[in-house]
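Open the structure in your viewer with the sequence panel beside it. The stops below go from sheet to pocket, each with something to select.

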Amino acid sequence: MTGARSATEWSTWGGHVRVVVTAPGALDSAANLVRGYLAAADAAVNRERSDAEIHSLRHGKNSVTPLFARFIADALSAARITDGKLDPTSASTTHSWRTVGVDGTEVTLPEGVQLDLTATARASSADHCASTTAELLGCGVLVALGGDIATAGPTPPGGWQIQVQDLPGDPTCQVSIPSGAGVATASTVKPLRPDPMALWRTVSVVADCCTTAHATSTAAVAMGGGAVSWLAELKLPARLVDQEFRVSTVNGWPH
């Protein structure tokens, strides 16, 4: 997937994890850091765990861990950039995410509002794993959690080489991105969520972080024909593949 020097992979969170570093001697440490972060993330946001931190939230002000606060802030950022299409709240009113506040490690949750961070937790984790690992180890790092890819640290020669493809036989391309960028692909053809009536098979987006790329690709894949103009307005490089395997790109999709 990349032109970097050393990589390892495993499965967790029901998906595939891949870690790539530009310094081969740092690979084991990078993998251990990512494993530790994902374990902590699971303990924070996994609603299926009765001991998850998300279940400790009460209406009003809450003091939470820095990790959990960051997950909430990322989810609210995704809601803002998609104008609520990715809303991490459940309530009787629309756009209730606007009523949630995060100030450092203080979270304010209004009466009747609940949080579900499932939609952004994986992409948010990819961002944080890449940035913290690169900072601690002083090398370039790529972290891929399924189709959510984040990069940080020094950029390898030629950039991070990312292959974009949904299923075997689908149109594919390889792009080069600098460290600090993220790539995400949303799909309507995966076995667990096929949607043959959808206009787009996949939408891939490059952004300044994986969370933004994931949020906008997920929103766009459900928007039908309006996705192209919406992504163009956001000035985000994107690649859209329709059900006839025709490929459209906007905003200078990277070569």
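Select β1 (6-12) and strand β2 (residues 15-21): the two pair in the antiparallel sense over seven bridges. Helices (H or I, at least four residues) and strands (E, at least two) are DSSP runs numbered from the N terminus, and two strands pair if DSSP finds at least two bridges between them. The model is a predicted one, in which local features need pLDDT of at least 70 and side-chain atom pairs count only at pLDDT 80 or more, while totals for chains, interfaces and linings use all residues. Residues are numbered from 1 along each chain as its sequence is written, and side-chain values use heavy atoms, with hydrogens and water left out.

Within this pair, pick Trp 10, which stands opposite Val 17 in β2. Now add Arg 35, which lies over the face of Trp 10 at 3.9 Å from the ring centre. A charge sits over a ring if NZ of Lys or CZ of Arg is within 6 Å of the ring centre and within 35 degrees of the ring normal.

Next, extend the selection to the whole open sheet of eight strands, in the order β1-β2-β8-β9-β12-β13-β14-β15 with antiparallel pairing. Its edge strands are β1 (6-12) and β15 (247-250), each pairing on one side only. The twist averages 10° from one strand to the next, with axes as lines fitted to C-alpha atoms and angles running from 0 to 180 degrees between N-to-C directions.

At the β15 edge, select strand β14 (residues 238-242), which pairs with β15 in the antiparallel sense over four bridges. Ala 238 stands opposite Val 250 in β15. The two strands form a hairpin with four residues between them, and Phe 245 in the turn has a positive phi of about 65°.

Move to the open sheet of three strands, ordered β3-β6-β5 with antiparallel pairing. β3 (60-63) and β5 (101-103) are its edge strands, and the twist averages 20° from one strand to the next. β3 pairs with strand β6 (residues 106-109) over four bridges, and Ser 63 stands opposite Glu 106 in β6.

Last, which residues line the second largest pocket? Select Arg 47, Ile 54, His 55, Leu 57, Arg 58, His 59, Leu 109, Val 113, Gln 114 and Leu 115. A pocket is an open set of points on a 1 Å grid where a 1.4 Å probe fits, with protein on both sides within 12 Å along at least five of seven lines; lining residues have an atom within 4 Å of a point.
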